[in-house]
Structure formats: structure tokens, C-alpha cells
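Trainee: I would be grateful for a close look at the nonpolar interior of this chain. Please treat that part in detail and relate it to its surroundings.

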Amino acid sequence: MTPNDISIELQEMRDQMQTLKGIIHDQQIVNENMMRRAMKKDFGEMRSKVCFSTILSAFTCMLLTLFLILVFLLQAKLFIPLWLYALSVLFLWTATTASVYALRRYLPANLLTGNLTNVAATIVSYKRFRYKWLKFAIPFLLAWFTALFYYIGRDLDSAFSQTLFCGCLAGLVIGCILDFFHFMKSQKRLNDLLREIEEVRGAK
């Protein structure tokens, strides 16, 4: 084999290596696009649920605020103090505002179209935001329910108060269970998104 033949063969091997690299690169792009589509689907479902709960919360807040204004104007009596009811409405408005902030700051519709490193950082920040909100919401709700049961429990001799007490207690237990499972399911979705992003980044 002459030096010229060796040179030609080496050049062919270089060309084949470049072709192979191009195929691998194209396959990585295809895999990334497929994974992005899957992530967008999961993210879209999660964002839709957050949007729905935010809209429902805002609608509930408007109704409760209207009712509070009517109670104040008509000087009507409630089974709980007016200040406790007003505090409840204020908390709901705070929760709704926090949800709107989270949607705009951490869950924009075009989140997954950006750089995956920035996407992962945004998701991690959103998880931190959720935990910070829980640190505020849980103590508040514990204090709120304590006050609620205190005022209801002062008149447990009546059938209405007993029924109301049992209903509120059942609502508290069921609500805590449902919220816990909803929170854990949301966290799992966020963790799955982070894992998929790591897989895409690791494949590059």
C-alpha cells in the first residue's frame, strides 16, 4: 500500500467520523425536541390546573367580599365575629395574589422554550416559593381554625352549633388530606420536569 493510498484511506475515515458525528448530533436534536414536547405537555397540564384554581379562588374572593360588605352595611350577625370573617377574606385574597404572582413569575406559558438551565432554575425557585408560602399559610390556618372552633364551641348546646362544629371538623380533615395529595402530586410533576431537563442536558 502506497503512502498515497494510506492518505486517501485516512481521509475517508475522517469523512466517515464527521458523518457519524453529524448523525449523532441530529439524533440528539430529535431526542431533545421530543422530550421538550413531552415536558411541554406535562407543564401545560400543571399550569392549566393552577390557572383554574386561581380563577376559582378569585371568583370566590369576590363573592365573599361582596357578602362581607352586605353584612357590614346591614349590620347582620354572623356565627363568627366580623373581624374573623374579614381576616378570612383577606387571607383568600392574599392566596389568590400569590397564585397570580407565581403564574407570571415562575410559570409563564413560554417557560420551556428558553434555555434549559434557566428553566431548571425557575422551577427550583418556584418550589422554594411554594414552601415559603406553606410556612406562612399553615400557621395562619391553624390559628384561624382554632379561633373558629373556639367561637363555635361556645354554644355547643344548640343542634345548629353541633352540626356546624362537626361539619367544619370534617371539612378540615378532608381539606387537609386533599391539599396534601395535591401538593405532593404537584411536587412530583416538578421533580419529573427537573429530571427530564437533566436527561436532555446530559445527552448533549
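Mentor: In this predicted model, the largest nonpolar core has 21 residues, and those that touch the most other members are Phe43, Leu107, Ile123, Tyr126 and Ile197. Two or more residues of this core come from each of α1 (3-74), α2, α3 (116-153) and α4 (159-203). The largest contribution is that of α3, which gives six residues. In soluble globular proteins, nonpolar side chains tend to be buried together.

Tyr126 shows how such a member is surrounded. Once its neighbours within four places in sequence are set aside, Tyr126 is in contact with Val50, Ala102, Tyr106, Leu107 and Leu190. Apart from this core lies another, of 14 residues, which includes Leu68, Ala137, Trp144 and Leu148.

The setting is a chain with four helices and zero strands, arranged along the sequence in the pattern α-α-α-α. Of its 204 residues, 27% count as buried. Among contacts between residues at least 6 apart in sequence, 77% join residues at least 24 apart.

Helix α2 deserves separate attention. It runs over residues 82-105, and its 24 residues should span 34 Å at 1.5 Å a residue; the end C-alpha atoms are 34 Å apart, so the expected and computed spans agree. Buried positions in α2 are Leu84, Tyr85, Ser88, Val89, Phe91, Ala95, Thr96, Ala98, Ala102 and Leu103. Two of these, Thr96 and Leu103, are touched by Thr54, a residue of helix α1. Thr54 also touches Ser99 and Val100, with residues up to four places away in sequence not counted. Thr54 has 7% relative accessibility and therefore counts as buried, since the limit for that class is under 20%.

Helix α3 offers two further buried positions. Thr122, which has its place in α3, counts as buried because its relative accessibility is 16%. Beyond residues up to four places away in sequence, Thr122 touches Arg105, Tyr106 and Leu111. Tyr106 is thus a contact of Thr122 and is also in contact with Tyr126. Ala120 likewise has its place in α3; with a relative accessible area of 10%, Ala120 is buried. The C-alpha atoms of Ala120 and Ile197 are separated by 7.0 Å, although these positions lie 77 residues apart along the chain when counted as their separation. Ile197 is one of the residues that touch the most other members of the largest core.

The largest pocket completes the description. Its volume is about 2,000 Å³. It is lined by 50 residues, of which Phe91, Ala95, Trp133, Leu141 and Asp179 are the closest to its centre. Phe91 and Ala95 also appear among the buried residues of α2. Each of α1, α2, α3 and α4 supplies at least two residues of the lining, and the largest share, 14 residues, comes from α4. By class, the lining has 35 nonpolar, ten polar and five charged residues.

Note on methods
Residues numbered from 1 in each chain as written. Predicted model: local features only at pLDDT ≥ 70, side-chain atom pairs only at ≥ 80, totals over all residues. Heavy atoms only, no water. Expected span 1.5 Å × (residues − 1). Buried < 20%, exposed > 50% of the residue type's maximum accessible area, 1.4 Å probe, protein only. Core = buried A, V, L, I, M, F, W, Y, C linked by side-chain atoms within 4.5 Å. Contact = heavy atoms within 4.5 Å. 1 Å grid on protein atoms, 1.4 Å probe; cavity = no way out; pocket = protein on both sides within 12 Å on 5 of 7 lines; lining within 4 Å. Points joined across faces, edges and corners; volume = space filled by probe spheres on them. Nonpolar A, V, L, I, M, F, W, Y, C, P; charged D, E, K, R; others polar.
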